[in-house]
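Q: Take a close look at the ligand surroundings, please. Then set them against how the domains meet.

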Amino acid sequence: MPRSIYLDYNATTPLDPAVRDAMLPFLGGGVGEIWGNPSSVHHVGRKARALLDDARDRAAKFLGAKPSEIIFTSGGTEANNLAIFGMARLLKTKGKHLITSSIEHHAVLQCFDYLEKNEGFAVTRLPVNADGLVSVGDFQKAIRNDTVFASVMAANNEIGTLQPVAEIGALCREREIVFHTDAVQWFGKEPVENIGQFNADLVSVCAHKFHGPKGAGLLYIKSPLHPNPILFGGGHENERRAGTENLPAIIGLVAALEKFVKSPVFDHAKLKLLADVLAAAVEKIKACELVSPRTNSLANTVSFTVRGTDGIALMAGLDVEGICASSGSACAAGSLEQSHVIAAIGRKEEANSLVRFSLGRKTTAEEIDWVCSVLPEVIRRAQLAGKAASRL
Ligand SMILES: Cc1ncc(COP(=O)(O)O)c(C=O)c1O
């Protein structure tokens, strides 16, 4: 039986060997390697600049965008921060009302919280239904005369719901509202034909979710939008993101985009089959409640809550069996913080007992069978641990 079963691909994915090979010449200082600062005017710097430009051209071509519409960032968090702070602050003289959903990643929600608390913006956080879906009708009703910016994620990281972003984007365009989508969980799992498919003015992407390196991402920004910078100290990225470019990470991001995004790394048919087997096993356990929708959602994500225990006991119990899962978003793991997503879908009492299995391209039927066979016992033990702790 396999002893390490990784079912946490929504948290991160392993770096692909071919992507790593593409990055290697940019990491070392050996002869013929590319280590210069793209901003230096000498030939070593110019060589790095040429390869940075080439990477931007490739990313733009892949996404069907202009090179000037790509800003390389340190990942999804920075892309979201730049989109939200950068646009809200740019547009504040036109209006100070913003719209988002209640199940965004914290890298979105906390930006809106900050703008509301410290910079005088009004924020509408749209509710979702039991499947985590934002209603386009609710979005339309939330629009005010002073609404200038909105952000709704493409795919939810905790329960996998796919949002109607293209419809929301169309509505925003009609009402001249700048629209951003956090597509971090979409890339590598759902098809990307063209960045225009999201109908968004800004789109966040993160490399380590599709077998690229950590610390690499990009923000697509439709021209001629020019968000206020959130980092200062240099004119990099066309005056939009100060700081010497992380060329190895950028090369890895682009290589991973080209290799894993267009024909999704997650083979839908295979993964749906495996995820359905897992979901059926979960549904057979009395204490469990499936919370990930089985349609209109990421095929790889199976999430459920468990009565009579909590996320920490469940994660520990799974880990003892060699199974890697998550309890909510990766940043909240390790703490007993409730899942705001589970609370938002109307299950507040169960919000600290979430288990998320997210499957990936290496997941096998044998692994899923093993997880299904040990899951009832893991849950029983976690519930017993909870009861013992409450007697102390
Ligand atoms: C939907 C979503 N947005 C943003 C992020 C942040 O990405 P990173 O932590 O790599 O910056 C994540 C990471 O889990 C995510 O799932």
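A: A residue is near a molecule if one of its heavy atoms lies within 4 Å of it. The model is predicted, so local features need pLDDT of at least 70 and side-chain atom pairs pLDDT 80 or more, while totals for chains, interfaces and linings use all residues. Residues are numbered from 1 along each chain as its sequence is written, and side-chain values use heavy atoms, without hydrogens and water.

Around the ligand stand 13 residues; Thr77, Asp182, Gln185, His208 and Lys209 come nearest. Three side chains offer polar contacts (N or O atoms within 3.5 Å; within protein, one must be able to donate a hydrogen and the other to accept it, and sequence neighbours count only through side-chain atoms on both sides). Asp182 places a polar side-chain atom 2.7 Å from a ligand nitrogen. Gln185 has a side-chain N or O atom 2.8 Å from a ligand oxygen. For Lys209, the distance from a side-chain N or O atom to a ligand oxygen is 2.6 Å.

Now the domains. Domain 1 covers 5–13 + 265–391 and domain 2 covers 17–260, with bounds from an automatic or database assignment. Their C-alpha centres lie 28 Å apart. In contact (heavy atoms within 4.5 Å) are 31 residues of domain 1 and 30 of domain 2. Across this interface, 19 residue pairs are in polar contact, both residues at pLDDT 80 or more. Salt bridges (side-chain nitrogen of Lys or Arg within 4 Å of a carboxyl oxygen of Asp or Glu) number zero between the two domains.
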